[in-house]
Structure formats: structure tokens, C-alpha cells
Amino acid sequence: MGIVSQEPILELQALMDSVDEPLNRTFQNVHQGFRAETLVRFLKAREWNVAKAHKMLVECLHWRVQNNIDKILAKAIVPTELYRAVRDSQLIGMSGYSREGLPVFAIGVGLSTLDKASVHYYVQSHIQINEYRDRVILPSASNKHGRPITTCIKVLDMTGLKLSALSQIKLMTIISTIDDLNYPEKTNTYYVVNAPYIFSACWKVVKPLLQERTRKKIQVLPGCGRDELLKIMDFKSLPHFCRKEGSGSSRHSENENCYSLDHPFHQQLYNYIKQQSLITELAQPIKQGSFHVDLPEPAAEGTEIAKSLESELQKIDKGNGLSKSISSIKIDDD
């Protein structure tokens with residue numbers, strides 16, 4: 001956790017000692033025994049202002065209770081074909097661990113289409129991966145290394161990033177807002193790889209709008225990032241799109257492709273959720289339907305970033321009609 005001032009941590013801890021059930025119960029699922037590290041995350045997210053961090057954390061706990069987040073890992077997306085469609089269009093997976101024991105998550109920003117299911121399924125899937133990371137993967141890594149491991153590394157693959165990304169901004173902003181408000185400071189470093197020209201143009205616009213602590217976490221690597229990433233992880237933990245120059249997001253091997261439902265990470269995650277659903281529902285049939293979560297209003301910073309991205313993409317597009325797509329996006333129910 002590094003050298004940090006204990007005074008704000010103790011102040012926030014005293015405030016959290018007074019929360020009632022069921023907030024205290026869901027707080028257990030948030031901190032997983034690493035209470036001080038969790039308090040530090042929320043303090044960092046609010047620039048070490050104890051009152052603001054307390055408000056943020058309590059609002060997060062209310063969100064969890066109101067949306068039944070503690071049980072989301074027992075709500076499988078069924079049938080399997082639907083979940084496979086989500087996985088094929090919301091490209092995210094875990095490729096391994098850094099040498100320091102941090103989980104390495106890969107995200108296919110450029111090739112994610114987010115168009116095979118309703119918004120609620122994508123939000124459900126994203127939160128499930130967050131919760132599985134926080135409740136299963138990170139505690140296991142902490143036990144293995146004998147010290148708290150409460151953050152991860154994310155490798156963002158920009159292969160295939162096109163102007164059509166404009167149509168995904170609204171959903172991406174919703175997911176980003178959920179993370180900012182309820183899973184703050186969970187990512188140690190973001191590594192951007194396979195970045196095309198359009199990313200450079202967007203990054204130029206977005207970078208000044210980010211808070212300094214966020215900017216410091218983002219590293220744009222040359223090419224597929226292989227050489228730089230090998231400094232912090234073994235080859236076997238490299239995401240498949242980083243394994244050789246020019247590999248892009250090759251899908252020749254499903255066992256190597258950490259996005260795929262056939263990858264061990266997704267097989268373990270999906271089997272875990274199905275097992276939890278049987279325990280929770282007492283072997284009742286699993287019903288099809290998304291797990292609805294209240295979709296947050298984007299924070300001012302997120303709204304400004306989305307508008308700036310839209311404006312920049314419109315400039316590049318030079319009026320070929322894509323600019324209209326963002327206004328036509330609907331939050332469809334299933």
C-alpha cells in the first residue's frame with residue numbers, strides 16, 4: 001500500500017464503523033478482509049478528502065444493496081449461446097499475472113462491437129467480471145503471495161479502432177461511470193497497444209481532460225507492446241495480441257485468445273457463476289433475462305470526455321453520417 005498518512009484512514013474507518021446493516025454486510029464483500037486498502041482507494045478517488053470519500057463509499061454501498069450486487073455472481077447469462085455472443089462482442093479477458101502478482105486483464109477496445117445484446121447484458125457481464133476479480137481472483141492472489149493484492153493491470157488493444165466507435169461512446173461511458181463510482185482505483189496501470197492514428201487524435205483531446213492521477217496510470221506503448229510488457233510479466237501472461245509484432249488480435253487459437261469463452265479464464269468464471277446460481281436458487285431452473293442494474297448518469301468529467309470524443313470523431317469523419325449515431329442509441333430492455 002506504500003507510505004500513506006494514517007490519519008485520514010483512521011478517520012474514514014471510524015465513520016464506516018457506524019454504518020448499519022445491510023451496508024456493513026455488503027462492505028464485507030467490497031473489502032474482502034483488506035479494509036485499510038479499500039479505504040485508501042476511496043480516499044485516493046476523492047483526493048484524500050475524508051468527508052467526500054465517506055460520501056462516495058456510502059453511496060457505493062447503497063448502490064450495491066439497491067441493485068443486489070452481492071448476488072450478481074449467481075445470475076448467469078443464459079443460454080450459453082447468448083453469453084458467447086456477449087463475449088464475442090465485448091472483448092475482455094484475463095491473460096495471466098504480472099511478476100508482482102497483479103492480474104493482467106486484456107480489453108479489445110477497437111474490435112468490441114457491443115451490438116449482440118441489450119445494454120443491460122453488457123453491464124451485467126462487466127460487473128460480474130469486476131466482482132469475480134475482487135471476490136475470487138484478488139483474494140486468491142493475495143493468499144498466494146502473502147500480501148494484499150487489490151489492484152490489476154489492464155492492456156487496452158486498439159486494433160481495429162474505427163470511426164464507428166462513435167456508436168459505442170454512450171455504453172462505454174455508462175460502464176466507465178459504474179467503475180469510477182463503485183470500483184475506484186482498482187487498476188494500477190493501463191497499457192495502450194496497437195494504437196492507430198484515430199487513437200492518437202482522440203488521445204490528444206482526452207488527455208487534458210483526465211485527472212492527473214489517471215493520466216499517470218496510462219502508458220501508450222509502441223506497436224503491440226511486447227518488449228515493454230515483458231519487463232513486468234512473463235511471455236505466457238502476455239495477451240495474445242501482444243505476443244509478436246504484427247499479430248494484431250489474431251484468433252487462431254482459442255486457448256490463447258483470452259477474450260474467447262473457450263479460454264480457461266472465461267470457462268472458470270462461467271462455471272463459477274452457474275454453480276453459485278444453483279446454490280442460490282436451490283436448483284430452480286435458471287431463467288433467461290438480464291440482471292438489471294440502475295444505469296448511472298455520467299459524471300461531469302465523463303460527459304465532457306464523451307462530448308469531446310464525439311466532436312473529434314465528427315471532425316475526422318467529415319460529415320459522412322456517423323455523427324448521428326450517438327443520438328440514436330437506446331437503452332433497450334431484453
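Two rings of Phe, Tyr or Trp form an aromatic pair if their centres lie within 6.5 Å. The legends below describe close-up views of a predicted model.

**View 1. An aromatic pair joins a strand and a helix that are distant in the chain.** Seven aromatic pairs are found when the whole structure is searched. One of the pairs consists of Phe105 and Phe265, whose ring centres are 5.9 Å apart. Their planes meet at 85°, and planes over 60 degrees apart count as edge-to-face, so this pair is edge-to-face. Phe105 belongs to strand β2 (residues 103–108), whereas Phe265 belongs to helix α11, and 160 residues separate the two.

**View 2. Helix α6 crosses helix α11.** Two packed helices are described by the distance between their axes and by the angle between those axes. The axes of α6 and α11 (residues 264–280) come within 11 Å and cross at roughly 90°. An angle of 65 to 115 degrees counts as roughly perpendicular, and α6 and α11 are therefore roughly perpendicular to each other. On the α6 side, the contact is made by Gln128, Ile129, Tyr132, Val136 and Ile137. On the α11 side, Phe265, His266, Gln268, Leu269, Tyr272 and Ile273 take part. The residues of this contact comprise eight nonpolar, three polar and no charged. Phe265 thus appears both in this contact and in the aromatic pair of View 1.

**View 3. The largest cavity of the model is lined by 13 residues.** The structure holds three cavities of 30 Å³ or more. The largest cavity contains about 100 Å³ of space. Among its lining residues, Val30, His31, Phe34, Thr150 and Lys186 are the closest to its centre. Three elements, α2 (23–31), α3 (35–45) and α6 (119–145), each give two or more residues to this lining. By type, the lining is made up of five nonpolar, four polar and four charged residues.

**View 4. A cis peptide bond precedes Pro22.** The bond joins Glu21 to Pro22, and its omega is about 5°. Pro22 is located in the loop between α1 (6–16) and α2.

**View 5. A cis peptide bond precedes Pro79.** Omega is near 0° for the bond from Val78 to Pro79. The loop that holds Pro79 runs between α4 (50–66) and α5 (80–89).

**View 6. Glu47 has a positive phi.** The phi value of Glu47, a residue other than glycine, is near 55°. Glu47 is placed in the loop between α3 and α4.

Notes: Residues numbered from 1 in each chain as written. Predicted model: local features only at pLDDT ≥ 70, side-chain atom pairs only at ≥ 80, totals over all residues. Heavy atoms only, no water. 1 Å grid on protein atoms, 1.4 Å probe; cavity = no way out; pocket = protein on both sides within 12 Å on 5 of 7 lines; lining within 4 Å. Points joined across faces, edges and corners; volume = space filled by probe spheres on them. Helix = DSSP H or I, 4+ residues; strand = E, 2+ residues; numbered from the N terminus. Nonpolar A, V, L, I, M, F, W, Y, C, P; charged D, E, K, R; others polar. Axes fitted to C-alpha atoms, helices over the stretch in contact; angles between N-to-C directions. Parallel < 35°, antiparallel > 145°, perpendicular 65-115°, else oblique. Contact = heavy atoms within 4.5 Å. Phe/Tyr/Trp six-rings, centres within 6.5 Å; stacked < 30°, edge-to-face > 60°.
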